Amino acid sequence: MHLRTDGELNPVFCTIVPPHVLDHLSRSADTRLADPARRTLAADALRRDHRRITALAATPIRHTAGAVPSKPQRILYDCETGTTLPGVKVREEGDKPTSDASVNRAYAGLGATFELLLSAYGRSSIDGRGLPLIGSVHYGREYNNAFFDGEQMVFGDGDGEIFLDFTVAVDVIAHELAHGLTQYTANLRYEGQSGALNESVSDVIGSLVKQYSLGQSAEQADWLIGAGLLAPRVSGDALRSMKAPGTAYDDDVLGKDPQPGSMDDYIETEEDNGGVHLNSGIPNRAFYLLATALGGNAWERAGQIWFDVLTGGELTATADFAEFARLTVAAAGARFGEADEREAVLKAWSEVGVPTRT
């Protein structure tokens, strides 16, 4: 586990589907929708408590000396609709594809995330030292979520009514794995604005992995998180939109996407750890504005600036949006000088209402 410099561990249990979405579904009069949502909420609550307890008792992972791996080490397991982790081992690094599409998609998604981190930023796995990437598929019965529990990735099959298999979207896989990247770097506390930054960084990495995998420029990208994850009956495109927060879905059953895209609409709430899945739309949109203003491949300049801040050692675990924004301005100046990149960063944060000067 990554420890803050003061020795305090910030235990995090991160899911791709926000609690408010599942809570909304759990109140549906249709049991086909409500029952899976209720089971998912209950399972998440148990996992969250388990993560908190085990994290407090954890000790930092000790790495052996040697060359930093330049290739991923992936291990995939099948929970067989149970909830005991990790499950039955079904594929290891270098094995041929199996007959299970979920296993193969998870394997590919973990590899795509490793590839972006290594090729774009010179980082070997999420810890920088080639940490093995572990994933479990077919978790639970009609489990409507995917999560990173501090040690591994876990994917549900979805209920088929609202959500499809959670391995279908590579950005969902990368999003959850990126929580591990944050854990091993800035270790942002999962509450309030630092928690929203934690979520936003995962959306940024998720989107960059998708764009890198597809060979898309910032202009070509859809900037959606979880496109393809919603079942056909749902009126919506994805879980979130970085380009236009609040527009990803508008459905009679699922509700309307509540994400704000500006500090003018910042949501004060005690739910969801202070709205970490909601207010993440604000830094998400700032990144989108920066990436599209700079053009080209988003991972090369905009992504590099965000990565520099995340790994630079100056970002505090309790950072708010303004602190993160100021550091991105400084990072842009340090890497690119007083050039277009720095001005674009200033403009992006200004447009979403986040100050960049003390």
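Here are four exercises, with worked solutions, on a predicted model.

**Exercise 1. Walk across the sheet**

Find the order of the strands in the open sheet, and name its edge strands.

*Solution.*
- Step 1: Trace the six strands across the open sheet, and you read β1-β5-β6-β4-β2-β3, with mixed pairing.
- Step 2: Look for strands that pair on one side only; these edge strands are β1 (14-15) and β3 (88-92).
- Step 3: Check some of the pairs. Strands β5 (residues 146-148) and β6 (residues 153-155) are antiparallel and share three bridges, with F148 partnered by M153 of β6.

**Exercise 2. Get to know strand β2**

Work out how β2 pairs with β4 and with β3, and whether the residues of β2 are buried or exposed.

*Solution.*
- Step 1: Start with β4. It runs parallel to β2, and five bridges join the two; R74 stands opposite L133 of β4.
- Step 2: Turn to β3. Here the pairing with β2 is antiparallel, over four bridges, and Y77 has K89 of β3 as its bridge partner.
- Step 3: Sort the side chains by direction. In a regular strand, side chains alternate between the two faces of the sheet. In β2, R74, L76 and D78 point one way, while I75 and Y77 point the other way.
- Step 4: Apply the cut-off for buried, under 20% relative accessible area. Five of the five residues of β2 are buried, so the strand counts as mostly covered.

**Exercise 3. Place the helices**

Determine which strands α3 touches and which strands α4 lies across.

*Solution.*
- Step 1: Pick out α3 (residues 101-121), which packs on the sheet and touches β2 (74-78), β3, β4 (133-137) and β6. Its direction makes about 150° with that of β2.
- Step 2: Move on to α4 (residues 170-183), which lies across β1, β4, β5 and β6. This helix runs at about 15° to β5.

**Exercise 4. Explore the nonpolar cores**

Identify the residues that touch the most other members of the largest nonpolar core, then follow the contacts of W349.

*Solution.*
- Step 1: Nonpolar side chains tend to be buried together in soluble globular proteins. The largest nonpolar core here has 90 residues, and F163, W223, L254, F287, L290 and W349 touch the most other members.
- Step 2: Ask which element gives the largest share: α3 does, with nine residues.
- Step 3: Zoom in on W349. Beyond its neighbours within four places in sequence, it contacts P283, A286, W306, F324, A325, T328, V354 and T356.
- Step 4: Look apart from this core for another, of seven residues, including F13, A43, C79 and Y143.

Key
Residues are numbered from 1 along each chain as its sequence is written. This is a predicted model: local features need pLDDT of at least 70, side-chain atom pairs count only at pLDDT 80 or more; totals for chains, interfaces and linings use all residues. Side-chain values use heavy atoms; hydrogens and water are left out. Two strands pair if DSSP finds at least two bridges between them. Contact means heavy atoms within 4.5 Å. Axes are lines fitted to C-alpha atoms, for helices over the stretch in contact, and angles run from 0 to 180 degrees between N-to-C directions. Buried means under 20% relative accessible area, exposed over 50%, partly exposed in between (1.4 Å probe, protein chains only). A nonpolar core is a set of buried Ala, Val, Leu, Ile, Met, Phe, Trp, Tyr and Cys residues joined through side-chain atoms within 4.5 Å.
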